[in-house]
Amino acid sequence: MDRDADTNTPMLHPNAPRTSGRKMKQYVAATSVSLGALCAGTCLAWTSPALSQLSILTKTDNSTESFHLTNSEGAAVGGMIAIGALISAIPAGFLADKFGRKKIIFFVSLMFLLNWLLIIFAQNSATLIAGRIFAGIGTGAICVVGPMYIGEIAESSVRGILGAFINMFLCTGILLTCVFGSFTTWRVLSMILAAVPVIFGASFLFMPETPVYLVKISNLQRAEKTLLGLRGSNYDIHTELKDIQKEIDNSHKNSASIKDIFTSKANRRAFMSVVAVLAFQQLCGVNAVVFYTVPIFQAAGSSLSPNLAGIIIALVQVLSSYVSIFIIEKANRRFYLMLSSVGMLLFLTALGMYFHLKRLNVDISPLGFIPIGSAVMFMISFSIGYGPIPWLLMGELFAPEVKGIGNGFAIATNWSCAFLVTYFFPIINNSLGAHISFYICAGIMALATIYVAVVVPETRGTTLLEIQQILNK
């Protein structure tokens, strides 16, 4: 390929069409970075099998454990991942803008590995808590930089599909932990899961930096080479590089401060959209349904063990998220979000009514299919919309100059809402009843449906530059 030495502008055959590029390397890069989400899923689910083994309440005379956890220590071990995520969410975006997406993502793999090393060799609760903080730092950072990376390496025709990888790998990590945790000790489980960040970090060493970041630091030659590798020689990278350069030039006219999010119409609308859908992702009560899996199955008269019940729900999530990859580009983002919220509204209402009738001592024996059926359909509804699409919008809506700040605030909001749901769900259950919790989440999903219809823009099939133009209308 020729290059004009004076202008340092990449040159391409004038007849090269800007059609669909070679996608295999885009899939490989998206898979590699999504292994970070797999790590996050394993960390999120680890407490379920581990804390039940470490709890002082389950201690026996034959116990071989060197230490056990009190209720408060167990709560700290479980909650520290949220604290770690809040610590890293906002800085991760700034650091990715300063040092590059690739370096920060590789650093994330080291955080996950450090978490497992501390846990494997832990002899007290303090070491476990320290490990969980590092797990949270890795989880918060990958949730910010992972979608950013995929959004910048994927062409518009597959950006939706590749963006859905984050949610699918996250769910897969939860499933793997549930499966291995059902028949291993917590320490052996940690040893098995420690292999995941090793594979993640080793594979990502061979992945490219994003073209957007390379153009941003004026490394046009490397940006051209990266785009050629990602798109193939039959793709018009010249036009895409011009679009990226135009977007970067526009962003350089603005300072990357928090104030810019609210003074610019495009940034303000992107912020309102991304932060809201990531808040709704947690406020829908998905964690509440997961945590309440055993009572839901027991209410249906099921004799399944808690481990098997957890595996079933996790498997439903994985299969649904896998299917979403194939359908996500078949319809608009907003359609799937609203379909998802309406579906969750209906099945949350069904769960609420079932437990409401049970609390009123109404004979509900003929309705035993409702709790399990509703829980399964709820997870399917979540996985086709609010599971993958919020991560996808993070990589699409924010302009380059505020992407780090915006994504950081969005993830901080997401984890704050996750903490609120996790904290208040058992309190509401014990004081008012589980049906109130499910009714509240159903009401939030009704609000989410209206909000998406009115505020969130459509991004399917558009370039990142076109998205900014839509936001400015």
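**View 1. The largest nonpolar core and its best-connected members.** Of the 123 residues in this core, Trp46, Leu128, Ile142, Leu348, Tyr386 and Ile411 touch the most other members. Here a nonpolar core is a set of buried Ala, Val, Leu, Ile, Met, Phe, Trp, Tyr and Cys residues joined through side-chain atoms within 4.5 Å. Helix 1 (residues 24–54) supplies the largest share, 12 residues; helices are DSSP runs of H or I, at least four residues, numbered from the N terminus. Please keep in mind that this is a predicted model, where local features need pLDDT of at least 70 and side-chain atom pairs count only at pLDDT 80 or more, while totals for chains, interfaces and linings use all residues. Residues are numbered from 1 along each chain as its sequence is written, and side-chain values use heavy atoms, leaving out hydrogens and water.

**View 2. Around Leu128.** Beyond its neighbours within four places in sequence, Leu128 is in contact (heavy atoms within 4.5 Å) with Trp46, Leu54, Phe67, Leu69, Val77, Ile119, Ala122 and Trp186. A second, separate core has 11 residues, including Val215, Leu220, Leu227 and Ile244.

**View 3. Ile296 in helix 15.** Ile296 sits in helix 15 (residues 293–299). Ile296 counts as buried because its relative accessibility is 0%, and buried means under 20% relative accessible area, with a 1.4 Å probe and protein chains only. Setting aside residues up to four places away in sequence, Ile296 touches Val289, Leu351, Phe355, Pro371, Ile372 and Ala375.

**View 4. Ile380 in helix 18.** Ile380 belongs to helix 18 (residues 369–384). With a relative accessible area of 29%, Ile380 is partly exposed, the class between buried and exposed (over 50%). Not counting neighbours within four places in sequence, Ile380 is in contact with Val316 and Ser320. Ile380 and Gln317 are 63 residues apart along the chain, yet their C-alpha atoms are separated by 6.5 Å.

Conventions
Helices (H or I, at least four residues) and strands (E, at least two) are DSSP runs, numbered from the N terminus.
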